[in-house]
Amino acid sequence: MSSTESIGRLGSWEGYGVGVIDRFEAGVKGPRPEAWIELHPDPERDKRCSGCNGLVDGIHEYQQRWIRDLPVWGADSWLLVHRCRLDCPRCGPKLEQLDWVDRYARVTRRLADSVARLCRVLPIKHVAEFFGLGWETVKAIDKASLAQSLGPVDLSGIEVIAMDEFALQKGHRYATVVVEPGTKRVLWVGRGRAREDIRPFFELLGPEGCGRLKAVVMDMNAAYEQEVRRHCPQARSVYDLFHVVAKYGREVIDRVRVDEANRLRKDRPARRVVKSARWLLLRNRENIPTAEDQIRLKELLQANKALMTVYVLKDDLKQLWSYRTEGWAKRFWKSWYRRAIRSRIEPLRRFAKKLARYLPGILAHARWPLHTSLLEGINNKIKVIKRMAYGFRDDAYFFLKIRAAFPGNPR
């Protein structure tokens, strides 16, 4: 077997034989070593049309194309391919279909597969530098590979979903992610968090899918709830503990702490203690690591009745999500609401009245014990994906990356 035949066997360029081979060191043809391999078509091979996949005998013309292959022997590989345009009686002049290179592609399939695999763990810039390819070329390869491997999302059998927003860019630009909690699979990602922004998901779900939906876990986003009610009136909206308690911290504990600090303006030592206690008050008691901080919290609550009241009612509010019967949960809510209204602490009273409007979604947790902690974990990983790429300018590509990162567990 000759050397060219050996290289042809190793290269597996089906239907083509090896002609001239040359190698150039760095600086001769480019900044990196290059291997040039000329490929000539085998006249005895079966030729198929890339349009209809039918066998064709007639040849319209030959075209020379430079195609990149995987690096070999420490050099970038360039293939000079004498490619056929067939005279197809059904499609007219069409390129010959080849198994090792896509139609109109300038890289072989195995190089494209290697690029796509490396893009799973490295930013596009690093992959482009490694293979000596252009940034846009690597992105196009990875995007096409993701679209082909993921395909259309399967929404059959979906009965429960979770919805949440995440920051897309600076300047209060957000996107919405929809997840199937049972399998931890990302079903859909779209820019925005308004009603019209999430409507495409329900249109994709279709009337049958919307009618099958039983519960949707979300934060207290009015747009989400209104759109769910429009498309899936039978589905229960379930509000998550995390978002309610976070809202309580911002609207009640922070406001009362600032008011108390202002009241103690003339007592500077006491004011300093109250102002510096924000994280102690917001943190769960079991998550306070040091004995010193626990003593500080205890002394602060003993010295300030208003802070003691809102802190105790915060812990009590969390118990509402521990019930598995809506009747008992509603009875506990009435007791908590009565205490909040009678506290005479205006931020707490306002919060309780506002929260009462969302009571059905809170009580629904007893029937559907769902939460968005899964979504918070997904959002953290989305931040890592975005940070690794130094941001994405192409929403479709970014959303494909997110879907690929969360394919879901088997049901």
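# Reasons behind the labels

Colleague: Asparagine 53 sits in the loop between β2 (34–41) and β3 (59–72). What counts as a strand or a helix?
Modeller: Both are DSSP runs, numbered from the N terminus: helices are H or I with at least four residues, strands E with at least two. This is a predicted model, where local features need pLDDT of at least 70 and side-chain atom pairs count only at pLDDT 80 or more, while totals for chains, interfaces and linings use all residues. Residues are numbered from 1 along each chain as its sequence is written, and side-chain values use heavy atoms, without hydrogens and water.

Colleague: Why is asparagine 53 called partly exposed?
Modeller: Buried means under 20% relative accessible area, exposed over 50%, and partly exposed in between (1.4 Å probe, protein chains only). Asparagine 53 has 38%, so it is partly exposed. Its phi is positive, about 65°, although it is not a glycine.

Colleague: What makes tryptophan 73 count as exposed?
Modeller: Its relative accessibility is 54%, and the cut-off is over 50%. Tryptophan 73 belongs to the loop between β3 and β4 (75–88), and has a positive phi near 55°.

Colleague: How do you know that the span of helix α10 (residues 291–303) agrees with what is expected?
Modeller: The expected span is 1.5 Å times one less than the number of residues. For the 13 residues of α10 that gives 18 Å, and the end C-alpha atoms are 18 Å apart, so the two agree.

Colleague: Which residues of α10 are buried, and how do you know that they line one face?
Modeller: Asp293, Leu297, Leu300 and Leu301 are buried. Seen down the axis, they fall within an arc of 95°, so they line one face of α10. The arc is that of the directions from the helix axis to the C-beta atoms. An α-helix has 3.6 residues a turn, so residues three or four places apart point the same way. The face turned away from the buried side carries exposed residues, including Glu292 and Lys298.

Colleague: Why is α7 (residues 241–263) called roughly antiparallel to α11 (305–318)?
Modeller: They pack at an angle of about 175°, with axes 10 Å apart. Axes are lines fitted to C-alpha atoms, for helices over the stretch in contact (heavy atoms within 4.5 Å), and angles run from 0 to 180 degrees between N-to-C directions. Under 35 degrees is roughly parallel, over 145 roughly antiparallel, 65 to 115 roughly perpendicular and the rest oblique. The angle therefore makes α7 roughly antiparallel to α11.
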